[in-house]
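Open the model in your viewer and keep the selection box at hand. This tour goes stop by stop, with something to select at each one.

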Amino acid sequence: MVKIKANYANEPVWREGNIHSKLPQELKVLDEIAHNLWWVWNYEATELFAAIDKNLWNKTEGNPVLLLQSLSYTRLEEITKDPSLMASIQFVYSKYRAYIDEPVSTTIPSIAYFSMEYGLTNVLKIYSGGLGVLAGDYIKEASDIHADLTAIGFLYRYGYFTQSLSMDGQQIANYEPQRFDQLPITQVLDENGNPLILEIPYNSFTVYSYVWLVNVGRVKLYLMDTDLDRNSEWDRSITAQLYGGDNENRIKQEYLLGVGGIMMLNRLGIKKQVYHCNEGHAALINAQRLINYIQNDKLNFNQAIEVVRSSALYTCHTPVPAGHDYFEEPLFRKYMDHFPEQLGISWQEFMDMGRTNPGSDEKFSMSVFALNSCQEANGVSYLHGEVSKKMFAPIWKGYFAQESHVGYVTNGIHMPTWTASEWRKFYEKFFDKNFYNDQSNPDIWEKIYQISDDAIWDVRMALKKRLVKYIRESFKDSWLKNQGDPSKVVSILEKINPDALLIGFGRRFATYKRAHLLFTDLERLSKIVNNPDYPVQFIFTGKAHPADGGGQGLIKHIVEISRRPEFLGKIIFLENYDMRLAKRLISGVDIWLNTPTRPLEASGTSGEKAEMNGVLNFSVLDGWWYEGYREGAGWALTDKRTYENQSFQDQLDAATIYSMLENQIIPLYYKKDNKKYSSEWIQYIKNSIAQIAPHYTTKRMFDDYTERFYTVLANRSEALIKDNYAKAKELAAWKEEIAQHWDEIELISIQYDESYRSRDIEVGDIVSAQIVLDKHNMQGELGLEIVQFRTDPATNIDSIRVFPIELERTDGSKLYFRMNIKASQAGVFKFGMRVYPFNKDIPHRMDFAYVKWINI
């Protein structure tokens, strides 16, 4: 007999399955709202979802799709039997439908917008920082103003990393996969009802991609996703991580965004008037567009480039050359070798489109290619526009930076997204009813001066308390894990004081952001934060790129300082900076601090978000603040450099920060005169809201893009395409003619007025001369001008003046010019004379930058 065992079981075999809630018919509208990111910037919608289940709303981190999937059968029944809640659902849905059903604008050109990242909500992790948040804000604004815009990007499986801190303050990057079925996205299907699969031909293989749709109000954002079985493991990872992998994965990503993005639009039957590259990552859209015109419309390369350029815009967000994408020729050829043959040009000619110096062995620059294939280009603030002109000037050898066509549009923020609901309700109560449709109208914002100080302070205090509550609830558990001593965590939580002057610093921890400045003199800082009569607390947050050791070291340094006894609860670091934390922080502090090395802040938008919430800026005069600063509405560190040595400059700037805090900012905040607040501080808030806020919304930003670029491009593109591309073909033929005979231009003579040969020129004199050129076999017009150049020794700034020289007559191939220039400035100058091809149909000189300097 065999004894029977008392326990016997094999290993469990588990199969994962999802059981989602099934919404009753009367609640189906909630799913429709949840799958359109309109809810992100409409507080009635988010308040509705929170009312459905507050705890579940917080647990899902504000994800309405996951919320609805997780509701119990009992709760669904309760909702349908709750008249008040059902009325709220109907109210929000009616508002949503009224918004969605409005027609698109016919006055704004249609736009295809390409970006590697979009910051739309913390729920959809397809962004890392400022570039993505800007793109997300921009397409939200496009929806609000009824623009016909389609956006293109990637659906990343892992997105950007989630940040946590180790016990010793070291950043830990956690890549957590997204569950696509729990996101506010919809998979695009083909005509047979199956998932649409794009086939994108790379040089020697094919990559397959799903397409997902994100409804952003009225705007459609299409995202490509290569994580499917038909791809190799190597290719599935193309859309695994934002900015992940090596340089080879980067070129595969940018190929997919540009080439694949255009192929996707073609597959979906979408054609736009303007194609907008948000950074150089998307530059290859123009390579594929060239092929389309050559293959489908039977244009040659020179004709096709005219058409492509006339409808393309490149926006640069990077102020230094090292921040742009470059690819070694062997790697670039590995993926792009099949393009030149399709374009009808040589490999060398194709490579040269991405080189500052054609014919050299330089790497292929995506930014240079974008500039050579886009008619228009811009920086993202006035100062960044000027920096970009200098950075890109070597591309157009015959012209100076000051003459560049590179323009600017200063970034703005989507006001409904980033303004706390408390402020939105405040504005809706006191401002014009048409406020949201006319946000950039300063007259509306001026009404802030008519509102009582008490009302403004009540909103500010409500938001400060909300921030403190958020910190206590959201960070207690993680602090207990990584700080070791529970008593210290309790002490920190208790010391966070909404009545203190709260100063926030939140951004990417790149070294040029100079987060370390505040910690230059710890003894002085300790005195500031430990004054019992004037309490001050600093709240830091931000991520460092996983490959940026310096940035990670800075985070560790700040965390270590924050744990010292004298700074405990006075210096606070909040991990995992995302859009949710950002909104709480920029609305809940009193001061928003920004200390970049000028001019490395291209724009910066976190301070603009603070503006909408009555938070005052204290920043270096760089990026947007260079334009935005108003005395009596915030504080500024000078834009002037005292030391060439950056370490010395940092010490000076740190001392200035301490001094301004001690002598201006802290005394002003605590000048309460027996009241609960400082009236003078409230006046600063009013000045900030009235004089600064209306100028830094995406409404103003989109209006600027439309006026400066979109309309210009759409009109010119239409003219070139008309009558079977007649004007494009004409311009291409003219450029071919000029290029073929350019070296034949000959100076025959220059005859100056005799009166100046024996004496110096004096201010007021008119310098006259006749210049004769012979263009020989060249057909077409030429222009001639004098260029005056001087460097101001006091400022080291170059000054350029250009004086056109009039064409008097022609005689065969000879051109007779008459120069009459009045000397209006005294000083030592350099003068040069240059010839250029003239055609009224080119948009600017950089479009065809042929220049011949003449010895005068």
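What volume does the second largest pocket have? About 1000 Å³. Bear in mind that this is a predicted model.

**Stop 1: the pocket**

Select N372, D847, F848, A849 and Y850. Of the 32 residues that line the second largest pocket, these five are the closest to its centre. Now colour the elements around them. Helix 11 (301–310), helix 14 (347–352), helix 15 (366–373) and helix 29 (698–741) each give two or more residues to the lining. Which of the elements gives the most? Helix 11 does, with five residues. Colour the lining by residue type next. You will find 16 nonpolar residues, seven polar and nine charged.

**Stop 2: D590**

Move to D590. Look for it in the loop between helix 24 (579–588) and strand 18 (591–594). Is D590 buried or exposed? The cut-off for buried is under 20% relative accessible area. D590 has 1% relative accessibility, so it counts as buried.

Show what surrounds it. Leaving out residues up to four places away in sequence, D590 touches R460, K464, A500, L501, L502, V615, L616, Y669 and W681. Pick K464 from that group. Its side chain makes a polar contact of 2.7 Å with the side chain of D590.

Then select A602. D590 and A602 are twelve residues apart in sequence. In space, their C-alpha atoms are 24 Å apart.

**Stop 3: a cavity**

How many cavities of 30 Å³ or more does a search of the whole structure find? It finds four. Go to the second largest, which holds about 40 Å³ of space. To display its lining, select R507, W592, N594, E601, S603, G604, S606, G607, N617, S619 and W624. Strand 18, helix 25 (606–611) and strand 19 (616–620) each give two or more residues to this lining. Strand 18 also borders the loop that holds D590. By type, the cavity lining divides into two nonpolar residues, seven polar and two charged.

**Stop 4: D650**

Select D650, which lies in helix 27 (residues 646–669). Its relative accessibility is 12%, so D650 counts as buried too. Which residues is D650 in contact with, leaving aside neighbours within four places in sequence? They are R514, H516 and L517. Zoom in on H516. A polar contact of 3.4 Å joins its side chain to that of D650.

**Stop 5: strand 22**

Finish at strand 22, residues 766–774. Why is this strand largely enclosed by the rest of the structure? Eight of its nine residues are buried, so the surroundings enclose most of it.

Add strand 21 (residues 746–752) to the view. Strand 21 and strand 22 run antiparallel and are joined by six bridges. For one of the pairs, select S749 and find its bridge partner in strand 22, V772.

Now add strand 25 (residues 814–822). Strand 22 pairs with strand 25 in the antiparallel sense as well, over nine bridges. Select L773 to see L815 standing opposite in strand 25. Turn on the side chains while you are here. In a regular strand, side chains alternate between the two faces of the sheet.

Methods:
Residues numbered from 1 in each chain as written. Predicted model: local features only at pLDDT ≥ 70, side-chain atom pairs only at ≥ 80, totals over all residues. Heavy atoms only, no water. Buried < 20%, exposed > 50% of the residue type's maximum accessible area, 1.4 Å probe, protein only. Helix = DSSP H or I, 4+ residues; strand = E, 2+ residues; numbered from the N terminus. Pairing = 2+ DSSP bridges. Polar contact = N/O pair within 3.5 Å; in protein donor to acceptor, adjacent residues only side chain to side chain. Contact = heavy atoms within 4.5 Å. 1 Å grid on protein atoms, 1.4 Å probe; cavity = no way out; pocket = protein on both sides within 12 Å on 5 of 7 lines; lining within 4 Å. Points joined across faces, edges and corners; volume = space filled by probe spheres on them. Nonpolar A, V, L, I, M, F, W, Y, C, P; charged D, E, K, R; others polar.
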